[in-house]
Amino acid sequence: MKKIICKKEYDTETATLIKRTVNGSFGDPAGYEESLYQTPEGLYFIYVCGGEASQYPSADIKRIAKTKVNEWIETH
């Protein structure tokens with residue numbers, strides 16, 4: 001998935017996956033997945049997707065500040 005946010009490109013195809021978490025099982029309408037990536041430029045983002053009853057009913061990319069990355073890793 002690719003998304004432009006504030007004139008910066010975030011692309012799961014060119015970024016490095018750092019950590020992925022899965023909540024629920026495959027086919028669970030409330031299940032979802034969060035994946036932390038780092039771009040070649042050093043920016044971080046989280047790719048989210050899930051079932052129709054989850055907090056992420058459609059795929060999206062969300063920016064995350066470098067200062068929040070370690071906290072996210074520790075809590076996920």
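Select Glu-33 to begin: this residue is partly exposed, with a relative accessible area of 22%. The model on screen is a predicted one.

**Stop 1: from Glu-33 to Arg-20**

Keep Glu-33 selected and add Arg-20. The two form a salt bridge, and their closest N and O atoms are 3.2 Å apart. Show the backbone as a cartoon and the pair is seen to link distant parts of the chain, with Arg-20 in strand S3 and Glu-33 in strand S4, 13 residues apart. Arg-20 counts as partly exposed, at 42% relative accessibility. The Arg-20 to Glu-33 pair belongs to a set of three salt bridges in the structure.

**Stop 2: the network at Asp-60**

Next, select Lys-3, Asp-60 and Lys-62 together; a network of salt bridges links these residues. Take the pair of Asp-60 and Lys-3 to start with, where the closest N and O atoms lie 2.6 Å apart in a salt bridge. Which strands does this pair link? Asp-60 is in strand S6 (residues 60-64) and Lys-3 is in strand S1 (residues 2-5), so labelled in the DSSP runs numbered from the N terminus. The two residues are 57 residues apart, and the pair links distant parts of the chain.

Now turn to the other partner, Lys-62. Asp-60 forms a salt bridge with Lys-62 as well, with the closest N and O atoms 3.9 Å apart. That distance still counts because the cut-off for a salt bridge is 4 Å.

Colour the three residues by accessibility. Asp-60 has 22% relative accessibility and counts as partly exposed. Lys-3 is partly exposed too, with a relative accessible area of 28%, and Lys-62 is partly exposed with 37%.

**Stop 3: the loop between S1 and S2**

Move along the chain from Lys-3 and select Cys-6, which lies in the loop between S1 and strand S2 (8-11). Check its backbone torsions: Cys-6 is not a glycine, yet has a positive phi of about 50 degrees. Is Cys-6 buried or exposed? At 57% relative accessibility, Cys-6 counts as exposed.

Add Lys-7, which is also placed in the loop between S1 and S2. The phi of Lys-7 is near 65 degrees, again a positive value in a residue other than glycine. Lys-7 counts as exposed, at 82% relative accessibility.

**Stop 4: Thr-39**

Select Thr-39, in the loop between strand S4 (32-38) and strand S5 (44-50). Although placed in a loop, Thr-39 is buried, with a relative accessible area of 5%. This value counts as buried because the limit is under 20%.

Which residues does Thr-39 touch, leaving aside those up to four places away in sequence? Show Glu-9, Tyr-10, Ala-15 and Phe-45 as sticks; these are the contacts of Thr-39.

**Stop 5: the largest pocket**

Finish with a surface view of the largest pocket, which holds about 180 Å³ of space. Its lining consists of 13 residues. To find the centre, select Ser-25, Phe-26, Gly-27, Gly-31 and Tyr-32, the lining residues that lie nearest to it. Strand S3 (16-23), S4 and S5 are the elements that give two or more residues to the lining.

Colour the lining by residue class. How many of its residues are nonpolar, polar and charged? The lining divides into four nonpolar, seven polar and two charged residues.

Note on methods
Residues numbered from 1 in each chain as written. Predicted model: local features only at pLDDT ≥ 70, side-chain atom pairs only at ≥ 80, totals over all residues. Heavy atoms only, no water. Helix = DSSP H or I, 4+ residues; strand = E, 2+ residues; numbered from the N terminus. Buried < 20%, exposed > 50% of the residue type's maximum accessible area, 1.4 Å probe, protein only. Contact = heavy atoms within 4.5 Å. 1 Å grid on protein atoms, 1.4 Å probe; cavity = no way out; pocket = protein on both sides within 12 Å on 5 of 7 lines; lining within 4 Å. Points joined across faces, edges and corners; volume = space filled by probe spheres on them. Nonpolar A, V, L, I, M, F, W, Y, C, P; charged D, E, K, R; others polar. Salt bridge = Lys/Arg side-chain N within 4 Å of Asp/Glu carboxyl O.
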